[in-house]
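Trainee: I would like to learn how to read a model like this one. Please take one feature at a time.

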Amino acid sequence: MIVTLTLLNGPRKNSSLALRSPGRYVIGSGELADFRIAREEDPYVAGEHALLDVAALCCKVVSLAGTNPLIVNGDHVRERVLANGHTIQVGLTRIGVQTLLPWCYRCGETGQDLVESADSDGRFWELNEIAVYSHPACLTPDHSFSGKSIAGMEIQRSWVVAVSALYGWHSTARLAGSGQSNR
Ligand SMILES: [Zn+2]
């Protein structure tokens with residue numbers, strides 16, 4: 001899952017940070033915070049105020065600052081699973097949350113396999129608005145790209161297929177002869 005945090009108020013309003021890999025990220029005023037809100041911007045943000053735990057399929061925020069409240073969508077929370085459109089508040093600073101997850105255009109589901117395949121070439125973020133993805137099992141023979149050629153390379157396995165008006169073809173399927181993803 002890719003999580004984008006955007007400042008909704010304060011002197012750096014609208015600046016954002018995309019967290020593109022699973023991990024644990026600290027929101028706070030400390031020098032080492034991953035998403036830093038300096039004391040000059042907001043004196044009510046603790047050095048380590050909240051922890052954002054980003055996994056492949058979900059993400060949650062956990063309070064780290066005992067006395068400084070963590071607020072999600074207006075509620076004081078210790079911990080909350082985040083969804084697209086949620087708002088986190090630390091101190092006086094409000095942070096918008098955008099989550100991006102690939103889903104299968106045939107069955108509407110997502111999953112670990114689809115997430116990993118969609119970003120296997122590191123371009124999920126770049127292509128997220130123009131790409132579509134599918135589980136291989138959800139493709140009917142008519143939709144299967146296996147055995148077809150793109151740029152002279154034969155697709156052996158269409159794990160993920162994306163079609164783009166701007167880029168022509170994009171595919172992270174395994175290609176014969178290359179052993180690598182290609183586009
Ligand atoms: Zn599917």
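Trainee: Along strand β6, which side chains point to one face and which to the other?

Mentor: In a regular strand the side chains alternate between the two faces of the sheet. In this predicted model, strand β6 covers residues 59-63; Cys59, Val61 and Ser63 point to one face and are buried, while Lys60 and Val62 point to the other and are not. Strands here (E, at least two residues) and helices (H or I, at least four) are DSSP runs, numbered from the N terminus. A residue is buried if 20 or more other C-beta atoms lie within 10 Å of its own, exposed if 12 or fewer, and partly exposed in between, with C-beta atoms placed from the backbone.

Trainee: What should I know about the numbering and the confidence limits?

Mentor: Residues are numbered from 1 along each chain as its sequence is written. Local features need pLDDT of at least 70 and side-chain atom pairs count only at pLDDT 80 or more, whereas totals for chains, interfaces and linings use all residues.

Trainee: Which strands does β6 pair with?

Mentor: Strands of a sheet pair through backbone hydrogen bonds, either parallel or antiparallel. Two strands count as paired if DSSP finds at least two bridges between them. Strand β5 (residues 50-54) runs antiparallel to β6 and is joined to it by five bridges. There, leucine 51 stands opposite valine 62. The two strands form a hairpin, with four residues between them. Strand β9 (residues 79-81) is also antiparallel to β6, with three bridges, and valine 81 in β9 is the bridge partner of lysine 60.

Trainee: What is the order of the five strands in that open sheet?

Mentor: The order is β4-β3-β5-β6-β9, and the pairing is mixed. At the edges are β4 (35-36) and β9, each of which pairs on one side only. A parallel pair is formed by strand β3 (residues 23-28) and β4, with two bridges. Isoleucine 27 has phenylalanine 35 in β4 as its bridge partner.

Trainee: And how is the open sheet of six strands ordered?

Mentor: That sheet reads β2-β1-β11-β10-β7-β8, with antiparallel pairing. Its edge strands, β2 and β8, each pair on one side only. Within the sheet, six bridges join β1 to strand β11 (residues 93-100) in the antiparallel sense. One residue pair to look up is threonine 6 and its bridge partner in β11, glycine 96. Over the whole protein there are two helices and 16 strands.

Trainee: Which residues have the most contacts inside the largest nonpolar core?

Mentor: In soluble globular proteins, nonpolar side chains tend to be buried together. A nonpolar core here is a set of buried Ala, Val, Leu, Ile, Met, Phe, Trp, Tyr and Cys residues joined through C-beta atoms within 7 Å. The largest has 27 residues, and those with the most contacts inside it are Val3, Ala50, Leu52, Val61, Ile88 and Val90. Elements that each supply at least two residues of this core include β1, β5, β6, α1 (112-118) and α2 (124-127). Domain 1 (2-100) and domain 2 (112-175) each give the core at least three residues; these bounds come from an automatic or database domain assignment.

Trainee: What is valine 3 in contact with?

Mentor: Two residues are in contact if their C-beta atoms, placed from the backbone, lie within 7 Å. Leaving aside neighbours within four places in sequence, valine 3 is in contact with Leu19, Leu52, Val54, Cys59, Val97 and Thr99. Of the 183 residues of the protein, 28% count as buried.

Trainee: Which value of phi does asparagine 14 have?

Mentor: Most residues other than glycine have a negative phi, and most peptide bonds are trans. Asparagine 14 has a positive phi, near 80°, and lies in the loop between β1 (2-7) and β2 (16-19). Asparagine 14 is exposed because 10 other C-beta atoms lie within 10 Å. Asparagine 73, in the loop between β7 (70-72) and β8 (75-76), also has a positive phi, of about 50°. Asparagine 73 has 14 C-beta neighbours inside 10 Å, so it counts as partly exposed.

Trainee: Where is confidence lowest, and where is it highest?

Mentor: The score is pLDDT, the predictor's confidence in each residue, from 0 to 100. Confidence is lowest in strand β15 (residues 168-171), at a mean of 41, and highest in β10, at 98. Over residues 156-183 the pLDDT is below 50, and this stretch has 68 contacts in the model beyond near neighbours in sequence. For the protein, the mean is 80, with 75% of residues reaching 70 or more.
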